[in-house]
Amino acid sequence: MPIKRWNRKYPDQALVSQLADELKLPPIAANVLVSRGYDTKEKIQAFLTDDRLSDPMRLKDMDKAVERIHRAARDGEKVAVYGDYDCDGIMATVLMYSYLESVGVNVCYYIPQRDREGYGLNMDALKLIADDGVSLVITVDNGITAIGEVEYATSLGLDIVITDHHKPRDVLPNAAAVVDPHRLDDDSGCEYLAGVGVAFKLVCALENDDGGLMLDQYSDIVAIATVADIVPLVGENRLIVRHGLQSLQDTDNEGLSALINVCGMSGKVLSSENIAYGIVPRINSAGRFDCVDEAMELFVGEGEELEELANGINSLNEKRRQVEDQIIKQIMEQLENNAEVLMKRVIVIYGEHWHHGIVGIVASRMVERFGKPCIVISVEGDVIRGSARSIEGFSIIDAINACAVHLERYGGHNQAAGLTMKAGHLEQFACDINEWAANHFPEMPQQTLHIDCAISPKMLNVESIQPLSILEPYGSGNELPVFLVENCMIQGIYPIGDGKHVRLRLAGDNTVFYAVRFGISAQDFPYSVGEKVDLAVTVDVGEWNGELRLSVKIKDIHLANIDYDKIHDSEQVYQRLMRCEQIEAPIRKQAVPNRDDIAVVYRYLRSKGNLNAPDEVIYAKLCGNISCLCKLKIAIDVLDEMKLIIRKPKGLGKHVSVVPNPAKVDMKDSKILQTLK
């Protein structure tokens, strides 16, 4: 696992106290708000009380879209809503289809199959739609880059109204209307909207509504897709999701109610987190396995079959998990034999017949595991498709755009993108995208965890934490607050969840509390009872058996009193050395271990026999005897190369075991050291 850099904020406590007094805010909420830049009375009031939607007609071309759709309704034309197979696209299709049907429009919908057709407008689909008697196509969550497809549609006698929220290219499609807040000539200020948000604006404009009536009607659908697309939960998005969460408690949509029941959330107070981890993955699974028609029928249909449809979509989510685990297993096996890939600035990894509906999730897992932009590609003969995910500070779509010569089509955002590649271009693409990264990022951005402020263990109780609820709903752009809890002694380590997770008993500031670290077993947990640690945690108040209780979840953990800035800098040097890049001679001399350094590391590892630990934990034990993390990592690499130790990824770090009775070796034979010299 990468060593995340903690970006800790230090809110001005005098200002916090002043604003808390003036606005009657709980101090903990005021701390979070000030740390996030809401440092005036006006900014805080706007954030907490923003209850107005902007005029939808401010969006460029909205007037043209409204005029064309009204004409189609008046003249009895057949209209097709053309969507996308992810949650945002599916729910935007549900929204637009449901609205048009409710006002008497002769409407149908079309969502392309991920496996056979891929993302966005395609000519075969447009021909089918035209042959079905459609004269107007409204896109939702796609279309902004479909220049050739729109020209073809025009030749078939189809008019196209585009609603999208992706970034356009230099030229816009020649459509009847192009509604996208990312147009350079759009000054609506709505660029934070999801695809469903832009579609919702169109519905409001068609209804000549300021948003209030349409929110009452559709906010449950719009909220789910807004959370799913990870757009910032600020401004109108915050209002939409807040309203939607209320609607979801007793939704009028029978299919949505059935899905909530299948997720085990019926009767519970729903949050953005419930939506993101409960509802959204199930809807996305329908698109991943080309079952979008079932999802559409669930949300626009009625009757007894809805429960069966909800159960079917739930089973697809279980299937998705199994396929995801299989791909990750294959990737880890690949990397064991080709660890050099992990040294690249952008990890490009591929395999045959990986389910391309799942590779995006896998790419996200790889980014979390390795702390680097990652592109996971499925090769099926001459068809090469992949998904990319990135870290904060590195625009993956800019990197992919720079390598467009290798691609047939691509699109996405700064943090996520999809692509289809020309046959025979894979190896060169991987080289070129890393060359672009090297030219633009001599030092890559590091995976960062943003910490709002520090709190004392004494504040980890229901009374202190419950007032944070005024900041909800949480999501992208308004994340669940992360707090720093420093200098805590580990008093106990207990397995929970069938051994998959660990619960810690901790003590600090004369207070004992418990916290959970998910995704790590007690056996693999690298810290020991008696050690002092700093914790980055989220906190939540929930109800169990009629009683309010506090849960503390560990996002990350560091050893206390260790200079992690030095560790991060040393990690960057290690990465550059492993890529054989030019490094100043003094820095290289300090970073490369000599024979004595390697001996120090070997003696320590031999004293342990078997060890599960991240690199920084081993370094902390040895920092009095070895000067930097880079030296330690190279020493371990050399010991592994010379077959004195065996190491494998495990838990949060690696498992290192010393080879018993090894053959005598000469460190001068190490190819790693020879290369570094």
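I began with a single pairing and found that Ile375 has Ala388, in strand 9, as its bridge partner. The model I am reading is a predicted one, and I keep that in mind for every entry below.

**Entry: the sheet around that bridge**

I followed the pairing outward and noted that strand 8, residues 374-380, and strand 9, residues 383-389, run antiparallel and are joined by seven bridges. I then looked up the sheet to which these strands belong, and it is an open sheet of five strands in the order 7-8-9-11-10, with mixed pairing. At the edges I found strand 7 (347-352) and strand 10 (407-412), each of which has a single partner strand, so one side of each is left without a neighbour in the sheet. For the turn between neighbouring strands of this sheet I wrote down an average of 15°, with direction ignored. As a reminder to myself, strands of a sheet pair through backbone hydrogen bonds, and they do so either parallel or antiparallel.

**Entry: cysteines**

How many disulfides does a search of the whole structure find? The search of the whole structure returned zero. I checked Cys291, which is in no disulfide, and the nearest cysteine sulfur to it, that of Cys87, lies 15 Å away. Is Cys291 buried or exposed? I have Cys291 down as buried, because its relative accessible area is 17% and the cut-off for buried is under 20%.

I went on to Cys628, which is likewise in no disulfide, although here the nearest cysteine sulfur, that of Cys630, is 5.3 Å away. A disulfide would need the two sulfur atoms within 2.5 Å, so I do not count this pair as one. Cys628 is also buried, with a relative accessible area of 11%.

**Entry: a nonpolar patch on the surface**

Which residues make the nonpolar surface patch of about 250 Å²? I listed Tyr494, Val512 and Tyr514 as the residues that make this patch, and then looked up two of them in turn.

Val512 lies in strand 16, which covers residues 511-517, and its relative accessibility of 42% makes it count as partly exposed. Tyr494 is found in strand 14, which covers residues 483-496, and at 35% relative accessibility this tyrosine, too, counts as partly exposed.

As a last look-up I took the separation of Tyr494 from Tyr192, and noted that the two are 302 residues apart in sequence and, from C-alpha to C-alpha, 42 Å apart in space.

Conventions
Residues are numbered from 1 along each chain as its sequence is written. This is a predicted model: local features need pLDDT of at least 70, side-chain atom pairs count only at pLDDT 80 or more; totals for chains, interfaces and linings use all residues. Side-chain values use heavy atoms; hydrogens and water are left out. Buried means under 20% relative accessible area, exposed over 50%, partly exposed in between (1.4 Å probe, protein chains only). Patches are made of residues with over 30% relative accessible area and no salt bridge: like charges are joined within 9 Å, nonpolar side chains (Val, Leu, Ile, Met, Phe, Trp, Tyr) within 5 Å. Accessible areas come from the Shrake-Rupley method with a 1.4 Å probe; for residues, only the protein chains shown count as cover. A salt bridge is a side-chain nitrogen of Lys or Arg within 4 Å of a carboxyl oxygen of Asp or Glu. Helices (H or I, at least four residues) and strands (E, at least two) are DSSP runs, numbered from the N terminus. Two strands pair if DSSP finds at least two bridges between them. Axes are lines fitted to C-alpha atoms, for helices over the stretch in contact, and angles run from 0 to 180 degrees between N-to-C directions.
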